[in-house]
Amino acid sequence: MKNNRWHILPDPQTLAETAAKIIEECSQSALTEKGAFKIVLAGGTTPEKIYQHLAKIKTDWSCWSIYFGDERCLPIDDPQRNSIMATHSWLKHVSIPENNIHPIPAELGPEAAAQRYAGEIESALPFDLVLLGMGEDGHTASLFPGQHHNTTELVHPVHEAPKPPPERVSLSLEALNNSNTVIILVAGAAKRKAVQQWQADEDLPIASIHGRNGCEIYLDLAAQP
Ligand code: 6PG
């Protein structure tokens with residue numbers, strides 16, 4: 001039984017403000033409960049405004065630990081990397097201890113990076129919050145329709161990804177679902193068809209995301225079928 005809660009926002013700006021507020025509230029509960037907050041970041045462009053909002057919140061950044069849901073196999077300082085986007089929009093503006101930021105070493109190539117990152121993820125699980133986007137084909141992180149992975153892995157090497165670059169590293173469904181809260185962010189008319197297929201229970205990677213307690217899905221009106 002899917003336990004998805006759909007939230008429709010009027011526009012991308014409101015979506016970003018609302019998502020940032022929910023993330024802040026999620027962090028406050030984790031910090032109150034256990035003095036630590038482990039969050040997995042989404043890549044792509046949708047989260048950028050959210051990260052810019054997060055750079056301004058008041059919190060004890062020393063208790064935050066940052067992981068990444070996926071990464072593109074590009075040189076370590078390539079602006080197309082998800083970790084670089086998160087750094088420029090948020091992480092370099094706040095005082096999260098460097099050892100608490102866990103980028104995927106995707107510059108090593110898919111296999112070596114996946115193997116190395118699996119160890120970090122194993123000791124991090126369960127997460128408090130996983131943030132995800134969705135592509136126009138219903139992919140999430142770097143889990144693409146029609147691509148099959150070894151389900152015993154926590155982190156997958158990805159080749160021939162239909163969204164460039166072709167080589168990537170992605171957390172597995174098992175790892176992405178091992179989180180108390182999952183927030184999925186979808187904006188723009190280009191995503192509407194995939195949202196329709198998702199709501200029709202079609203077999204898409206995004207449809208296999210359920211977290212430990214279901215998902216909070218934030219759409220803007222343009223993405224709503
Ligand atoms: C990536 C992301 C990918 C992204 C979706 C949505 O590396 O591109 O991890 O899964 O979240 O493709 O991307 P946009 O937010 O740019 O639409």
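Tutor: The expected span of a helix is 1.5 Å times one less than its number of residues. Please keep in mind throughout that the model we are reading is predicted.

Student: What span does helix H1 reach from its first C-alpha to its last?

Tutor: Helix H1 covers residues 12–34, which gives it 23 residues. At 1.5 Å a residue the expected span is 33 Å, and the span in the model is close to that, at 32 Å.

Student: Which residue has a side-chain oxygen that reaches a backbone nitrogen at the start of H1?

Tutor: The backbone nitrogen in question belongs to Gln-13, and a side-chain oxygen comes to within 3.1 Å of it. The residue that supplies this oxygen at the start of H1 is Asp-11.

Student: Which glycine takes a positive phi just after H1?

Tutor: Helix H1 runs over residues 12–34, and the residue to look at stands just after it, with a phi of about 70 degrees. That glycine is Gly-35.

Student: Which residues other than glycine have a positive phi, and is each buried or exposed?

Tutor: Most residues other than glycine have a negative phi, so a positive value deserves a second look. Ala-141, in the loop between E5 and E6, has a phi of about 50 degrees, while Asp-201, in the loop between helix H6 (192–199) and strand E9 (215–220), has a phi of about 60 degrees. Buried means under 20% relative accessible area and exposed means over 50%. With 12% relative accessibility Ala-141 is therefore buried, and with 55% Asp-201 is therefore exposed.

Student: Where is the cis peptide bond that has omega of about -5 degrees?

Tutor: Most peptide bonds are trans, which is the reason to note a cis one. The proline of this bond, Pro-126, is found in the loop between helix H4 (110–124) and strand E5 (127–133). The cis bond with omega of about -5 degrees joins Leu-125 and Pro-126.

Student: Which two prolines are joined by a cis peptide bond?

Tutor: The second proline of the pair is found in the loop between strand E6 (155–158) and strand E7 (168–171). Omega for this bond is near 0 degrees, and the bond runs from Pro-164 to Pro-165.

Student: Which strands stand at the edges of the open sheet of six strands, and why does one side of each lack a neighbour?

Tutor: The sheet has parallel pairing and the order E1-E9-E8-E5-E2-E3. A strand at an edge has a single partner strand, so one side of it is left without a neighbour in the sheet, and the two strands placed this way are E1 (4–9) and E3 (64–68).

Student: By how many degrees are neighbouring strands of this sheet turned against each other on average?

Tutor: The value is an average over neighbouring strands, and the direction of the strands is ignored. The turn comes to 20 degrees.

Student: Which residue of E5 stands opposite Val-40?

Tutor: Strand E2 (residues 37–41) runs parallel to E5, and two bridges join them. Opposite Val-40, in E5, stands Val-130.

Student: Which strands of this sheet does H4 touch?

Tutor: Helix H4 packs on the sheet, and its direction makes about 135 degrees with that of E3. The strands that H4 touches here are E2, E3 and E5.

Student: Which strands stand at the edges of the sheet of three strands?

Tutor: This open sheet has antiparallel pairing and the order E4-E7-E6. Each edge strand has a single partner, so one side of each is left without a neighbour in the sheet, and these strands are E4 (70–72) and E6.

Student: Which residue of E7 stands opposite Arg-72?

Tutor: Strands E4 and E7 pair over three bridges in the antiparallel sense. Opposite Arg-72, in E7, stands Arg-168.

Student: How many disulfides does the structure hold, and how far from Cys-63 is the nearest cysteine sulfur?

Tutor: A disulfide is a pair of cysteine sulfur atoms within 2.5 Å, and the structure holds zero of them. For Cys-63, which is in no disulfide, the nearest cysteine sulfur is that of Cys-26, at a distance of 15 Å.

Student: Is Ser-172 buried or exposed, and which backbone oxygen lies 3.0 Å from its side chain?

Tutor: Ser-172 has its place in the loop between E7 and helix H5 (173–177). With a relative accessible area of 2%, Ser-172 is buried, and leaving aside neighbours within four places in sequence, its contacts include Leu-143 and His-156. The backbone oxygen that lies 3.0 Å from a polar atom of its side chain is that of Glu-153.

Notes: Residues numbered from 1 in each chain as written. Predicted model: local features only at pLDDT ≥ 70, side-chain atom pairs only at ≥ 80, totals over all residues. Heavy atoms only, no water. Helix = DSSP H or I, 4+ residues; strand = E, 2+ residues; numbered from the N terminus. Buried < 20%, exposed > 50% of the residue type's maximum accessible area, 1.4 Å probe, protein only. Polar contact = N/O pair within 3.5 Å; in protein donor to acceptor, adjacent residues only side chain to side chain. Pairing = 2+ DSSP bridges. Axes fitted to C-alpha atoms, helices over the stretch in contact; angles between N-to-C directions. Contact = heavy atoms within 4.5 Å.
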